[in-house]
Every structure is written in structure tokens, then in C-alpha cells.
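Trainee: I am new to this structure and would like a close look at a single part of it. Could you choose one residue, start from what it touches, and then widen the view step by step?

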Amino acid sequence: MLPVVNDIVDGYKKTSPGMNVHININPSLNVWGDQILIGQVLENLMSNAVKYTGIEKYAIINLSAEAKKDEIVIEFKDNGVGFNRGSA
């Protein structure tokens with residue numbers, strides 16, 4: 001997962017040099033799957049996180065994963081303003 005995330009972050013550094021993005025990745029994060037599809041999902045999540053950081057100086061993004069029974073749960077958190085679930 002780390003190479004996919006690094007590619008996305010490098011893209012942001014090139015297209016938005018003034019943007020400060022800090023990503024915390026759980027070092028034990030290992031996910032197997034289609035790299036292109038996983039990359040697209042992470043790109044969309046990261047794009048929204050950066051876009052909706054609002055007045056925050058930095059976009060802080062945390063990725064973690066946990067094995068639960070026969071699946072891996074990936075958690076994505078950011079310090080963006082979020083949205084009202086009632087109007088979503």
C-alpha cells in the first residue's frame with residue numbers, strides 16, 4: 001500500500017506545491033488487491049480530505065488497517081471539516 005500512497009502524495013506535491021499534506025500510515029498496513037482500484041479509492045479519499053481541510057493549515061491524513069475475521073478493515077481519517085450526515 002505504501003508505494004501507492006507515496007505516488008498519490010508525490011502528485012499533490014507537484015500540482016499543489018503550497019499544500020502541506022502530512023500522512024500517517026500504520027507501518028503494519030499490508031493490503032493485497034488490485035493496485036489500480038485501491039489507488040483510485042485512496043486518490044478520491046485523499047482528494048476530498050485535502051479539498052475540505054477548510055481553514056486548517058495542514059491536511060493531516062491517517063491510514064490504518066485491522067484484520068477482522070476474514071477481512072481487512074481500512075480506516076481513513078482526516079482533519080477536514082466533514083459534512084452533515086443528515087443532509088448527505
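Mentor: Let us begin with aspartate 78, which, once its neighbours within four places in sequence are left aside, is in contact with Ala49, Ile60 and Ile61. Please keep in mind throughout that this is a predicted model. Aspartate 78 belongs to strand E3, and one of its contacts, isoleucine 61, is also its bridge partner, with aspartate 78 standing on the E3 side of that pairing. Another residue to look at from here is valine 50, which lies 28 residues away along the chain, while the C-alpha atoms of valine 50 and aspartate 78 are separated by 8.5 Å. As for its cover, aspartate 78 has a relative accessibility of 37%, and because buried means under 20% and exposed means over 50%, this residue counts as partly exposed.

The bridge between isoleucine 61 and aspartate 78 leads to the pairing of two strands, since E2, residues 59-68, and E3, residues 71-78, run antiparallel and are joined by eight bridges. Two residues lie between the strands of this hairpin, and lysine 69 there takes a positive phi near 55°.

Strand E3 also holds isoleucine 72, which has a relative accessible area of 40% and is therefore partly exposed, falling between the limits of 20% and 50%. Together with Trp32 and Ile74, Ile72 makes a nonpolar surface patch of about 360 Å².

Isoleucine 61, the bridge partner we met above, takes us inward, as it is among the residues that touch the most other members of the largest nonpolar core, a group that also includes Val5, Ile8, Leu42, Met46 and Phe76, out of 13 core residues. Two or more residues of this core come from each of helix H1 (2-15), helix H2 (35-51) and strand E2, and the largest share, five residues, is given by H1.

Stepping back to the whole protein, there are two helices and three strands, which follow the pattern α-β-α-β-β when read along the sequence. Of its 88 residues, 20% are buried, and the surface that the protein exposes comes to about 6600 Å², with carbon and sulfur atoms supplying 52% of that area. Among contacts with a separation of 6 or more, 62% are between residues 24 or more positions apart.

Terms used
Residues are numbered from 1 along each chain as its sequence is written. This is a predicted model: local features need pLDDT of at least 70, side-chain atom pairs count only at pLDDT 80 or more; totals for chains, interfaces and linings use all residues. Side-chain values use heavy atoms; hydrogens and water are left out. Two strands pair if DSSP finds at least two bridges between them. Helices (H or I, at least four residues) and strands (E, at least two) are DSSP runs, numbered from the N terminus. Patches are made of residues with over 30% relative accessible area and no salt bridge: like charges are joined within 9 Å, nonpolar side chains (Val, Leu, Ile, Met, Phe, Trp, Tyr) within 5 Å. Accessible areas come from the Shrake-Rupley method with a 1.4 Å probe; for residues, only the protein chains shown count as cover. A salt bridge is a side-chain nitrogen of Lys or Arg within 4 Å of a carboxyl oxygen of Asp or Glu. Buried means under 20% relative accessible area, exposed over 50%, partly exposed in between (1.4 Å probe, protein chains only). A nonpolar core is a set of buried Ala, Val, Leu, Ile, Met, Phe, Trp, Tyr and Cys residues joined through side-chain atoms within 4.5 Å. Contact means heavy atoms within 4.5 Å.
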